[in-house]
Amino acid sequence: MVHKSQLSTDGISSLWPEINGYFLSFQTIPASCRPQNETQYTYHQLLSGFDGTISCEIREFYRFNLNLAQMNWRETQRPEFKLIYQACEAWSRFQYEQAYTLMRTHLKRFPTDVIALYILHMFEFCTGRTTRLIDILEHCDAALPRTHYLYPFYLAIKSFVFCECGRYEEALVTGRDSIETCPENIYGIHAIAHALHETGQWDQIIAFLNQHIDSWIHNPGMRIHVCWHLVIAYEQNHMPEKALDTFRTLCELKETPFAKQDLDAVGFLWRLHLKYADHSFQKQWQKLATLWTGVIENSVSYLHKLHAALSFAATEQPFLIEKLIAESDGFGIDPQTHRTGIAILRAIHQMTIGRYQTSLSELEQSQQLWHLIGGSNAQRDILRLTKEYVYQHVQLSVERAS
């Protein structure tokens, strides 16, 4: 069955069109969408296994590797599947450059394969290379018509990449276009929030996210992060009570107490910590620090390790930061990213024990490579704020000594 505007260049997006919208909207695929044949079953296996690795947990990479090995070999050799399968094999073995290359080759052949584009986007987002997608987007632009049923999701990805490249006006125009015909397009909403965040348009974020709240507040995959943007907007707009009320809402959005959805909570509370305004959250900090201990041995993301270190710093547990550094041996991580990540962790440790000059030196020397730890500019902004905090302490020490 041809699904709406399906094209011959749709690649794996053509294998089971009915579930693509759910996947790209970060929604649970409903039970009514059950695989009806081996092709659909294999496609679902691929999407589910890949989605697990976005957590950047070593065991999820291992689990995905096992799943790939168990897939129907004949299905994986389909022309529209083969290179993606090989790319995912490389990804699951931490061979990142090979994974990028294979995905790019696939997209040259299947430039309207929005699912493949999203997978490549996540490969690069997790490894600090989001901006490299620009050339592929230009190639896809020429092939993907506005009438394509996945076009709004394509625009959402494009908007976010524009934002990370500093092309904010284009990001806003593209993001708004992405939700015009698809109001529930959570990634489009998310991209607009990022562009407004990067340009400091706090009033506009507040208005936009409140206007579209019904389109994101129930989304299981993105609601906490989108809510974080609203919390930060209130805080930056000098509305502390609204920020705290919305932060409490954010915490209530966790699926379970042990759900690994605490990055945004740390991202906000650390801002308060740097202003000495987090005194009433010590119990929550203790809980977050306990929850983040699992990252010490089970993550290939220095963005996650950073947030773990911040929770240890806020609870005055520098020994846990030392352990985090000791256990970070670079397994599954690009060497340059590993060196950058270790420098960042050392800076947080040195700050925690009051060695501000050493901390500042580590942050200054690694700053040009902060993007390699993954995530977005908005998420990594806590490093800039931390550096400013450390610098103030260094200056204070100089003044006292003079």
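In this predicted model, helix α17 turns K283, K287 and T290 outward: these exposed residues sit on the face pointing away from the helix's buried side. The buried set of α17, which runs over residues 282-292, is made up of W285, L288, A289 and W292. Those four residues span an arc of only 100° around the axis, so they fall on the same side of α17.

Helix α23 is another element with plenty of buried positions. Covering residues 377-401, α23 has 25 residues, and at 1.5 Å a residue these should span 36 Å; the C-alpha atoms at its two ends are indeed 36 Å apart, so expectation and model agree. Buried residues turn up along α23 as A378, Q379, R380, D381, I382, L383, L385, T386, Y389, V390, H393 and V394.

This helix also has a hand in the second largest pocket, where α23 makes the biggest contribution to the lining, with nine residues. The pocket in question holds about 470 Å³ of space. Its lining counts 21 residues, and the ones closest to the centre are R271, R380, D381, R384 and L385. Two of these, R380 and D381, have already come up among the buried residues of α23. Besides α23, the helices α11 (186-198), α14 (223-236) and α16 (263-274) each put at least two residues into the lining. As for chemistry, the lining of this second largest pocket splits into eight charged, seven polar and six nonpolar residues.

Then there are the enclosed spaces. The structure has two cavities of 30 Å³ or more. For the largest cavity, the volume comes to about 130 Å³. Sixteen residues line the largest cavity, with Y96, C126, T127, V300 and T337 the closest to its centre. Sorted by class, the lining of the largest cavity has ten nonpolar residues, four polar ones and two charged ones. Both domain 1 (1-148) and domain 2 (261-401) give residues to that lining, so the largest cavity lies between the two domains.

The second largest cavity holds about 40 Å³ of space. Around it are L24, F26, Y118, F153, A156, I157, N185 and Y187. Helix α9 (residues 151-164) provides the largest share of this lining, namely three residues. Charged residues are missing from the lining of the second largest cavity, which has seven nonpolar residues and one polar.

A few single positions round things off, beginning with helix α5. A87 belongs to this helix, which takes in residues 82-92. With a relative accessibility of 0%, A87 counts as buried. A87 and R104 are 17 residues apart in sequence, and their C-alpha atoms lie 9.5 Å apart in space.

Two loop residues have backbone angles worth a look. F94 sits in the loop between α5 and α6 (96-109), and its phi is positive, at about 65°, although F94 is not a glycine. The relative accessible area of F94 is 17%, under the 20% cut-off, so F94 is buried. C56, for its part, is found in the loop that joins α2 (38-53) and α3 (58-69). Phi of C56 is near 65°, again a positive value in a residue other than glycine. C56 counts as buried too, because its relative accessibility is 5%.

Technical notes
Residues are numbered from 1 along each chain as its sequence is written. This is a predicted model: local features need pLDDT of at least 70, side-chain atom pairs count only at pLDDT 80 or more; totals for chains, interfaces and linings use all residues. Side-chain values use heavy atoms; hydrogens and water are left out. On a 1 Å grid over the protein atoms alone, a cavity is a set of points where a 1.4 Å probe fits but cannot get out, and a pocket is an open set with protein on both sides within 12 Å along at least five of seven lines; lining residues have an atom within 4 Å of a point. Grid points are joined across faces, edges and corners, and a volume is the space filled by probe spheres set on the points. Ala, Val, Leu, Ile, Met, Phe, Trp, Tyr, Cys and Pro count as nonpolar, Asp, Glu, Lys and Arg as charged, and the others, Gly among them, as polar. The expected span of a helix is 1.5 Å times one less than its number of residues. Buried means under 20% relative accessible area, exposed over 50%, partly exposed in between (1.4 Å probe, protein chains only). Domain bounds come from an automatic or database domain assignment. The arc is that of the directions from the helix axis to the C-beta atoms.
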